[in-house]
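Colleague: I'm new to this one, so could you walk me through a single part of it up close? Here it is.

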Amino acid sequence: MDTRIALISVSDKSGLEPFARGLHALGFELLSTGGTARALREWGLPVREVSDYTGFPEILEGRVKTLHPRIHAGLLANLSLEAHRQTLEQLQISPIALVVVNLYPFEQALRAGASEAELIEQIDIGGPTLIRAAAKNFEHVAVVVRPRDYEWVLQRLQSGGLSREERALLASRAFAHVAEYDALIANWFRQYDPEGDLPETLTLTYRRLQTLRYGENPHQRAAFYTEPFAPPSTIASARQIWGKELSYNNLLDAEAALELVREFEEPACAIIKHTNPCGVAIGSHITEAFLRAREADPVSAYGGIVAANRPIDREAAEAITTPGNFFEVVIAPAFDPEAVQQFQERKGWGQSVRLLETGDLLPTQAFQGTFTVRGLAGGLLYTERDAIDWNPDQLQVVTERIPSEEEWADLHFAWRVVKHVKSNAIVVAHKKQVWGVGAGQMNRVGAVRIALEQAHSHAQGAVLASDAFFPFPDSVELAGRAGIRAIIQPGGSKRDPEVIAAANELGIAMVFTGIRHFRH
């Protein structure tokens, strides 16, 4: 480095004292502003105020501090060009070799519920300008925005200086820091956008929570990123309290399981394989819900993901860890200490099972109006979550036979489950227990056949839910022969009259919701 000026202006002062002391020991002149300058003085370090350096005072209650040609010429001068060096010399401006800046705490103020006026004052202007200028001129200036980089940067300076590649790395992190900051502010301002939640330009920011061992398959790289304002009781905010590192597929399946049990107010348990439910049930308590969920398809449950919407106590843990069972992940609002011990003492997979705590679950309806992202090659799809519940006033009983009270309860249960099954999706349920699932089939009658075959004798007297309409009456005819007593579906097919006629002929009650639940 050609000079010994380090400009330091930070809101987050963690780790700054030893870093600043190290810079001073290396002969850097410390140039600073406001609170950072006061902190440096309190630590006994010599510091020069930016206003003294520029000959221009801080004005507008601190809104203008570093926005001055003497600062930015020192940052932006290309020292490999003779003309730039001459300009600096003529104007008696010294190059600035190091910039240490992080930004006003807009995010923290937003989290704390600050008023609009308070948030506006937390929008940093001078800081991003300093960072961008230094990062642009990384050939001659090093910029540090993350306190966790202080130690290694100081070590490199002490051992001879930063390489070009290291300055470029710091510049990359600097631009990412500013981009994230601006994205948070832009998303806050979207409340004033007449296009609402689907703006012309979508700015999103995520933070890496975990680098995964691999992606969906061992030859694919992957990481888990979370939103800065991830809502509570989600996979993004869950706390792992035991077990091996989560995998890409674990996270996908755990998300599917958690979102399904979130649907229910009563104690509920779901067992998931490859993001589809192989068992779902309601119980008087969570142990009963688990046992009923596993009962429908114990073969598919083996190696699956268990989610519960109630805390796991020792009794539930004993049921889950019974010999013959094997699960990759168990996710619940909480685990009693005795339950955790039960998992830990389970021979074999008890040492590796991932236990995730979410805290009390928000209901599905709390996520209405929120959006999810799905990547495409060269783009992404941005869609509102399917968080709708049925509206009893909009349900249509379209058959001669009306569902019984018990059938209505089962229809509501099955309708909530089927929206979590890959399309074409069919669910057979009885007494709030899933007995058959037809998932991801290319034709609907095939999905019906699979669900009924899986349910076997349990289809007798059960209900059937479909995520979309029946294009032909053949599915209803299959259901009737198996003993299905009531069907719930969106309706909307041009052959609805034929489908309804088949249901009437078979004595099946049929309800139209007017709501489709495709899931791809």
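How far apart do the C-alpha centres of domain 1 and domain 3 lie? And after that, could you take a close look at helix α1 (residues 16-25)?

Modeller: Quick heads-up: this is a predicted model, where local features need pLDDT of at least 70 and side-chain atom pairs count only at pLDDT 80 or more, while totals for chains, interfaces and linings use all residues. Residues are numbered from 1 along each chain as its sequence is written, and side-chain values use heavy atoms, leaving out hydrogens and water.

Now, your distance: those two C-alpha centres are 63 Å apart. The domain assignment, automatic or taken from a database, gives domain 1 (4-191), domain 2 (240-357) and domain 3 (392-512).

On to α1; helices here are DSSP runs of H or I with at least four residues, strands are E runs of at least two, and both are numbered from the N terminus. L16, F19, A20, G22 and L23 are its buried residues, with buried meaning under 20% relative accessible area, exposed over 50% and partly exposed in between (1.4 Å probe, protein chains only). They sit on the same side of α1 because they cover an arc of only 160 degrees around the axis, taken from the directions from the helix axis to the C-beta atoms. Over on the other side, P18 and A25 are exposed.

What do the buried residues of α1 pack against? Their partners are the strands β1 (5-9), β2 (29-32) and β4 (98-101), plus helices α2 (34-42) and α9 (150-158), where contact means heavy atoms within 4.5 Å. After α1 comes G27, with a positive phi near 95 degrees.
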